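Here are some short exercises to try with the model on your screen. Work through each task yourself before you read the solution.

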Amino acid sequence: MLGLPQSVDACLFDLDGVLTRTAAVHAAAWKRMFDEYLRARAEATGTPFVPFDEVGDYGKYVDGKRREDGTRSFLTSRGITLPEGRPDDPPDAETIRGLGNRKNQLVLKLLEEKGVEVFDGSVAYVRACREAGLRTAVVSSSANTVQVLAAADITGLFDARVDGVIAQERDLPGKPAPDMFLAGAEAVGVPAARAAVFEDALAGVEAGHAGDFAYVVGVDRVGGDHREALARHGADIVVGDLSELLEDK
Ligand SMILES: O=P(O)(O)OC[C@H]1O[C@@H](O)[C@H](O)[C@@H](O)[C@@H]1O
């Protein structure tokens, strides 16, 4: 009925791109911020401007990771090293945290303008999990998780939440390390070997695989070679929408 191994007692869901249609909003905000930064840097150094690729660069270096990890990871791919800075660095500071805060201003503005939409198939799936007696948690790198869940009106569907804010407070390494998902399993009182992970990001399925979870469901919202990439990075199964698992008798 849920398309999961019998042993599964808990489901741990990523947020952006799995439950809500917000991955594309994040990708657009990242692109705007990085392109502005790269253009200014190219002008200052007299080097060619190579824009941020909203699909390739986002998927490889940024998607699914904590804000500062995504910033650092993409800049490293371009051979750029910046000081870490402090979490409260102003958005115009040329630091990892400053650039991350610049992107956050943009993403909050976009979310405010566009609102937050859910994937109906995911909401139906989470409800079915709960009706079947499984525990549910949201495990997201985003520090905006509380606000996004509230805007989507789905907060009450989850027994626990591990997000970017909690990871920062507890000093948990972000995805692709398994720690955030392990904390999610612990929060619902289920061992990793009896929990399933649902992820659309390469860093996320890697985290599920690294944590030896019972089952890692990759969710391909992108198309192209993303399906194969999710499988290569650790997904046990890849679906286009969680409703496909409900059809799986
Ligand atoms: O900047 P935030 O809201 O803390 O989010 C961090 C990351 O959270 C992840 O859920 C998204 O997939 C990423 O795109 C995003 O960058």
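**Exercise 1.** Which residue in E4 does Leu 12 stand opposite?

A word on the model before you start: it is predicted, and local features need pLDDT of at least 70, side-chain atom pairs count only at pLDDT 80 or more, while totals for chains, interfaces and linings use all residues. Residues are numbered from 1 along each chain as its sequence is written.

*Solution.* Step 1: find E4, the strand of residues 195-199; strands are DSSP runs (E, at least two residues), numbered from the N terminus, and helices are such runs of H or I with at least four residues. Step 2: look across from Leu 12, and you meet Val 197. Step 3: E1 and E4 pair in the parallel sense over 4 bridges, where pairing takes at least two DSSP bridges between two strands.

**Exercise 2.** Find the partner of Phe 13 in E2.

*Solution.* Step 1: go to E2, residues 135-139, which runs parallel to E1 and is joined to it by 4 bridges. Step 2: opposite Phe 13 you will find Val 138.

**Exercise 3.** Are the residues on the two sides of E1 buried or exposed?

*Solution.* Step 1: recall that a residue is buried if 20 or more other C-beta atoms lie within 10 Å of its own, exposed if 12 or fewer, and partly exposed in between, with C-beta atoms placed from the backbone. Step 2: on one side of E1 (residues 10-13), take Ala 10 and Leu 12: both are buried. Step 3: on the other, Cys 11 and Phe 13 are buried too, and both faces are covered.
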